[in-house]
Amino acid sequence: MANEKILIVDDELSVRMALRTAFVREGMEVAEASGGYEAMVMLEKKRFDLIVLDVMMDDMDGYSILQ
């Protein structure tokens with residue numbers, strides 16, 4: 001599996017960096033959002049194969065994004 005497009009949504013930089021490193025090492029294309037509203041903008045512009053979503057963020061919780 002390669003060339004999958006992954007969106008990581010998390011307000012903690014260290015979590016995003018660790019996930020990015022692992023996914024890129026596997027040959028996946030990774031985009032990052034530091035919050036829910038940023039993720040929503042990105043989702044309107046691009047399609048992703050997988051979203052790794054933090055459910056407890058300050059600006060918008062992950063459950064709201066799923067809806």
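**Close-up views of a predicted model**

**View 1. Lys 46 and its salt bridge to Glu 29.** Lys 46 has a relative accessibility of 34% and therefore counts as partly exposed. The model shown here and in the views that follow is a predicted one. The partner of Lys 46 in a salt bridge is Glu 29, and the closest N and O atoms of the pair lie 2.5 Å apart. This contact joins distant parts of the chain, since Glu 29 belongs to strand E2 whereas Lys 46 sits in the loop between helix H2 (36-45) and strand E3 (50-53), with 17 residues separating the two in sequence. Glu 29 is likewise partly exposed, its relative accessible area being 36%.

**View 2. The salt-bridge network of Arg 16, Arg 20 and Glu 32.** Three salt bridges are found when the whole structure is searched, and Arg 16, Arg 20 and Glu 32 are linked by such bridges into a network. In one contact of this network, Glu 32 pairs with Arg 16 at a separation of 3.0 Å between the closest N and O atoms. Because Glu 32 lies in strand E2 (residues 29-33) and Arg 16 in helix H1, this pair ties together parts that are 16 residues apart in sequence. Glu 32 also forms a salt bridge with Arg 20, for which the closest N and O atoms are 2.3 Å apart. The latter pair again links distant parts of the chain, with Arg 20 in helix H1 and Glu 32 in strand E2, 12 residues apart. As for accessibility, Arg 16 is buried at 10%, whereas Arg 20, with a relative accessible area of 31%, is partly exposed, and Glu 32, at 21%, also counts as partly exposed; the limit below which a residue is called buried is 20%.

**View 3. Helix H1 and the glycine that follows.** The 13 residues of H1, at 1.5 Å a residue, should span 18 Å, and this agrees with the distance of 18 Å between the C-alpha atoms at its ends. After H1 comes Gly 27, which has a positive phi near 85°.

**View 4. A negative patch on the surface.** Asp 11, Glu 12, Glu 38, Asp 58 and Asp 59 together form a negative surface patch. One of these residues, Glu 12, is located in the loop between strand E1 (5-9) and helix H1 (13-25). With a relative accessible area of 46%, Glu 12 is partly exposed, and this value satisfies the requirement of over 30% relative accessible area that applies to members of a patch.

**View 5. A nonpolar patch on the surface.** The residues Val 55, Met 56, Tyr 63 and Leu 66 make up a nonpolar surface patch, and their accessible area together comes to about 470 Å². Among them, Met 56 is placed in the loop between E3 and helix H3 (62-66). Met 56 has a relative accessible area of 67% and is therefore classed as exposed.

**View 6. Phe 48 in the loop between H2 and E3.** Phe 48 is found in the loop that runs between H2 and E3, and with a relative accessible area of 15% this residue is buried. Although 18 residues separate Phe 48 from Val 30 in sequence, their C-alpha atoms are 9.3 Å apart in space.

How values were computed
Residues numbered from 1 in each chain as written. Predicted model: local features only at pLDDT ≥ 70, side-chain atom pairs only at ≥ 80, totals over all residues. Heavy atoms only, no water. Patch = residues over 30% accessible without salt bridge, like charges linked within 9 Å, V, L, I, M, F, W, Y side chains within 5 Å. Areas by Shrake-Rupley, 256 points an atom, 1.4 Å probe, with all protein chains shown as cover. Salt bridge = Lys/Arg side-chain N within 4 Å of Asp/Glu carboxyl O. Lys, Arg positive; Asp, Glu negative; His and termini not counted. Charge placed at Lys NZ, Arg CZ, Asp CG, Glu CD. Helix = DSSP H or I, 4+ residues; strand = E, 2+ residues; numbered from the N terminus. Buried < 20%, exposed > 50% of the residue type's maximum accessible area, 1.4 Å probe, protein only. Expected span 1.5 Å × (residues − 1).
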